[in-house]
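Biologist: Can you put the model up and talk me through it?

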Amino acid sequence: MRTRIKPHHIVVALGVAIALFTALSGIVAGVAGFHSDSPITREVFGNIPAPLKVAFYTVIPALLVYGAVLFAHRVKNWQRGRPDNRRTTLHNAKHRMADFRAGVYMRTLLREPGAGVMHSLIYFSFLILLGVTTTLEVDHQLPDGLKFLHGDVYRAYSAVGDAAGLVFVAGMVWAILRRFGPPAWRPYRIRIKTSAEHAVIAGVLLAIGVTGFGAEAFRIAADGLPDHERWSFIGYPLATLVDGSGAVAGWHQAWWVAHVIAFMAFLVILPTTMLRHMFTSPLNMYLSHRDRPKGAMRPMPDLVEGDTELETFGASVVEDFSWKQLLDTDACTMCGRCTSVCPAHATGKPLDPREIVLKTGEVMARTGSPPTSPPLGTGEAEVQVPANWMFERISNEELWACTSCRACDEICPVNIEILDKILDMRRYLTLMESDFPSELGQAFRGMENSSNPWSMSQTERADWARDLDGVRVIAGGDPLDAEYLYWVGCAGSFDDKNKKVARAMALLMERAGIDFAILGPAENCTGDSARRSGNEYLFQMLASANISTLNSMGVRKIVTQCPHCFNTLANEYPQLGGHYEVVHHSQLLDALVAEGRLDLEGATLEERVVYHDSCYLGRHNDVYLAPRRVLGALGGIDLVEAPRNGTKGMCCGAGGARMWMEETIGTKVNDERSRELLDTGASRIATACPFCYIMMDDGVRAAGVEEDSVQVADIALHVLEAVEARDSAARAGD
Ligand code: SF4
Ligand code: SF4
């Protein structure tokens with residue numbers, strides 16, 4: 001039987017090739033004995049005894065092979081995962097390279113300047129130092145006539161090497177102070193996740209830098225302080241300090257040995273500690289581009305028709321994740337940026353997205369064949385993983401605390417897909433174990449029996465529009481003869497606050513001359529909450545019914561004011577055969593204002609307004625500016641921003657089906673967010689999502705602020721109010 005070459009074989013082959021090359025370079029240099037006659041250079045391995053040279057060229061290749069084998073074991077672990085199409089094609093190659101460059105150039109890390117600059121100092125200088133050492137080795141191999149490292153080239157080379165070394169040591173000192181310094185210097189996310197492994201890594205890296213300078217200083221002193229070495233602007237002054245201290249040649253050998261040992265220690269810890277992210281993070285970033293939109297969950301087989309041979313759904317063991325989800329766990333830098341933005345974590349829930357990644361990695365590592373070191377090794381020996389079972393390490397409470405806000409995925413500097421893991425495990429709990437918070441059962445029953453989580457009668461869906469002559473209700477199945485289908489959503493149809501939004505939107509569309517119709521009783525819940533609470537079966541049931549209605553009507557364009565419906569219709573229905581051009585009401589209003597079809601001339605709102613970003617409009621779909629532009633088009637408005645806005649906006653707490661669950665642990669997410677919005681001094685809070693509207697209004701009232709002080713409302717309501725006030729003022733003036 002032919003053995004297929006697998007990725008872990010390639011890793012071993014690469015390691016062996018590099019090790020052979022290193023060993024051969026030592027043999028060639030030793031046998032050939034090439035030597036430069038230039039007085040302005042240095043002798044490679046000068047003053048180093050032959051046995052030490054032999055040790056150098058044998059131990060380092062051995063460690064390279066050892067590292068490759070250990071790394072291959074990790075790759076073997078990723079291979080346990082399910083398929084995930086991350087192929088490089090002509091279509092996505094550009095994206096992949098852009099993501100890769102962002103990783104290699106540290107662009108994503110620089111989003112947070114402190115940590116980004118510190119990492120850049122260490123990383124880029126380390127690469128330069130690696131280049132400096134390689135250049136010396138290449139020059140070492142060349143015949144006399146081809147050697148280039150002499151004269152001015154050598155002087156410049158010396159200066160570059162010392163500059164890189166200085167920056168490297170400075171970066172390491174900064175990193176050590178940031179991790180182990182006084183509490184005020186250590187960000188929360190670092191304070192709560194510092195282990196002995198971090199100390200080992202920092203110690204080894206700092207030792208490489210310091211011993212490098214030590215060896216250089218004694219080498220220059222041993223060579224008699226040649227003038228051209230002044231270009232080593234750190235090594236030379238140090239050499240003048242140690243010159244005359246006696247036995248400088250012996251000290252040079254000692255520092256050289258220490259430097260080589262530090263480098264060997266680096267090779268040992270590279271595959272076994274989180275330092276592995278030097279390789280895995282850029283790889284993970286290269287592979288991050290996927291065919292699926294950001295807002296879409298991973299597709300599942302058809303559960304309604306039972307068209308699958310799968311016996312288990314969702315993720316409960318390592319093999320249930322995709323190989324890319326497993327690679328993620330080895331690419332995590334443990335920076336905790338995801339922790340710092342998680343609304344559940346910030347409000348005292350038992351969820352920390354970093355821990356979800358690390359715990360998944362722990363189960364993978366401990367159950368590998370052979371087992372590998374866990375993501376954060378040293379100091380975590382007490383962590384027990386008795387079986388290949390995710391729920392040994394991850395509790396249901398962690399998973400159900402997630403609001404699916406996507407803040408963690410968005411901020412992760414190495415593009416780890418955390419939310420997918422949480423939602424896949426929820427799928428297992430719901431589909432295989434029927435293990436979900438009891439309150440969800442009521443929402444499921446509502447969606448199943450009444451086609452909406454409010455359990456209201458479908459016949460009442462269009463009641464909000466009863467007194468609006470311009471709103472046409474079209475029966476499901478009839479051909480749609482209007483330009484837009486206005487998808488009102490369950491909240492817009494049944495929730496009192498949001499019925500006002502539907503009404504406002506209908507009136508604004510009428511004013512702008514938009515030809516639209518609604519489905520009324522033929523509209524079902526899109527199934528967003530069902531899917532995000534793991535109930536894929538219910539989601540597919542609702543989605544199939546909707547898609548069948550929409551397709552039979554020939555629907556092409558849909559407008560909706562609900563970002564959850566927007567996301568599901570636009571990004572998830574294509575997985576089931578529903579392809580529509582979907583716009584959010586903020587986008588439509590924005591376009592209508594820009595085209596002059598919605599006349600906001602003279603419509604003013606003398607208010608200080610803060611806009612609260614909806615996660616499903618913002619981070620899941622990158623719509624940030626349209627709602628702000630719509631509000632900004634009103635006269636008199638003072639539009640302010642909350643400290644957390646845009647990509648870093650804070651969730652209202654209702655996403656991921658949290659709308660239908662009790663929030664009994666910690667502070668309420670909506671209370672915290674509302675306080676932040678109130679602190680801006682705004683007299684109005686604008687939302688663009690029915691859930692956000694409900695949650696922010698509740699939060700503001702819970703803070704004891706009455707509606708006449710701070711009004712919370714959807715952007716359509718603010719706009720309509722300003723337009724109607726303008727029109728009545730005009731009528732009064734007539
Ligand atoms: S999606 Fe939001 S709530 Fe869920 S883990 Fe990530 S940051 Fe936390
Ligand atoms: S998942 Fe990403 S953001 Fe979170 S700790 Fe790991 S690397 Fe940092």
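Modeller: We can go through the overall build, the ligand shells, one helix, one sheet and some backbone details.

Biologist: What kind of model is this, and how is it numbered?
Modeller: This is a predicted model, where local features need pLDDT of at least 70, side-chain atom pairs count only at pLDDT 80 or more, and totals for chains, interfaces and linings use all residues. Residues are numbered from 1 along each chain as its sequence is written, while chains are lettered from A and ligands numbered from 1 in the order in which they are written.

Biologist: How many helices and strands does the protein chain have?
Modeller: The protein chain has 28 helices and nine strands. Helices (H or I, at least four residues) and strands (E, at least two) are DSSP runs, numbered from the N terminus.

Biologist: And what box do the C-alpha atoms fill?
Modeller: Roughly 100 × 70 × 45 Å, taken along the principal axes. Of the 734 residues in the protein chain, 47% are buried. Buried means that 20 or more other C-beta atoms lie within 10 Å of the residue's own; exposed means 12 or fewer, partly exposed is in between, and C-beta atoms are placed from the backbone.

Biologist: Ligands next. Which residues are closest to ligand 1?
Modeller: C342, P353, C402, C405 and C408 are the closest of the 15 residues that surround ligand 1. A residue is near a molecule if its C-beta atom, placed from the backbone, lies within 6 Å of it.

Biologist: Which helices supply at least two residues of that shell around ligand 1?
Modeller: Helix 13 (343-346), helix 16 (407-411) and helix 17 (418-433). By class, the shell around ligand 1 has twelve nonpolar, two polar and one charged residues. Ala, Val, Leu, Ile, Met, Phe, Trp, Tyr, Cys and Pro count as nonpolar, Asp, Glu, Lys and Arg as charged, and the others, Gly among them, as polar.

Biologist: What about ligand 2?
Modeller: Ligand 2 is surrounded by 14 residues, with C332, C335, C338, R354 and C412 the closest. Its shell divides into ten nonpolar, two polar and two charged residues.

Biologist: Which helix gives the most to the shell around ligand 2?
Modeller: Helix 14, with three residues. Helix 12 (337-341) and helix 14 (353-366) each supply at least two.

Biologist: Any odd backbone there?
Modeller: M334, in the loop between helix 11 (323-331) and helix 12, has a positive phi of about 65° although it is not a glycine. M334 counts as partly exposed because it has 19 C-beta neighbours inside 10 Å. A cis peptide bond joins S369 and P370, with omega about 0°; P370 lies in the loop between helix 14 and helix 15 (396-400).

Biologist: Switching to helix 9. Which of its residues are buried?
Modeller: V248, H252, W255, W256, H259, I269 and P271. Their cover includes helix 2 (50-78), helix 7 (196-222) and helix 8 (235-242).

Biologist: Last topic, the sheet with strands 6 to 9. What order are they in?
Modeller: The four strands form an open sheet in the order 7-6-8-9, with parallel pairing. Strand 7 (638-640) and strand 9 (711-714) are the edge strands, each pairing on one side only. Two strands pair if DSSP finds at least two bridges between them.

Biologist: How many bridges are there between strand 6 and strand 7?
Modeller: Three, in the parallel sense; strand 6 is residues 608-611. R608 stands opposite D638 in strand 7.

Terms used
Contact = placed C-beta atoms within 7 Å.
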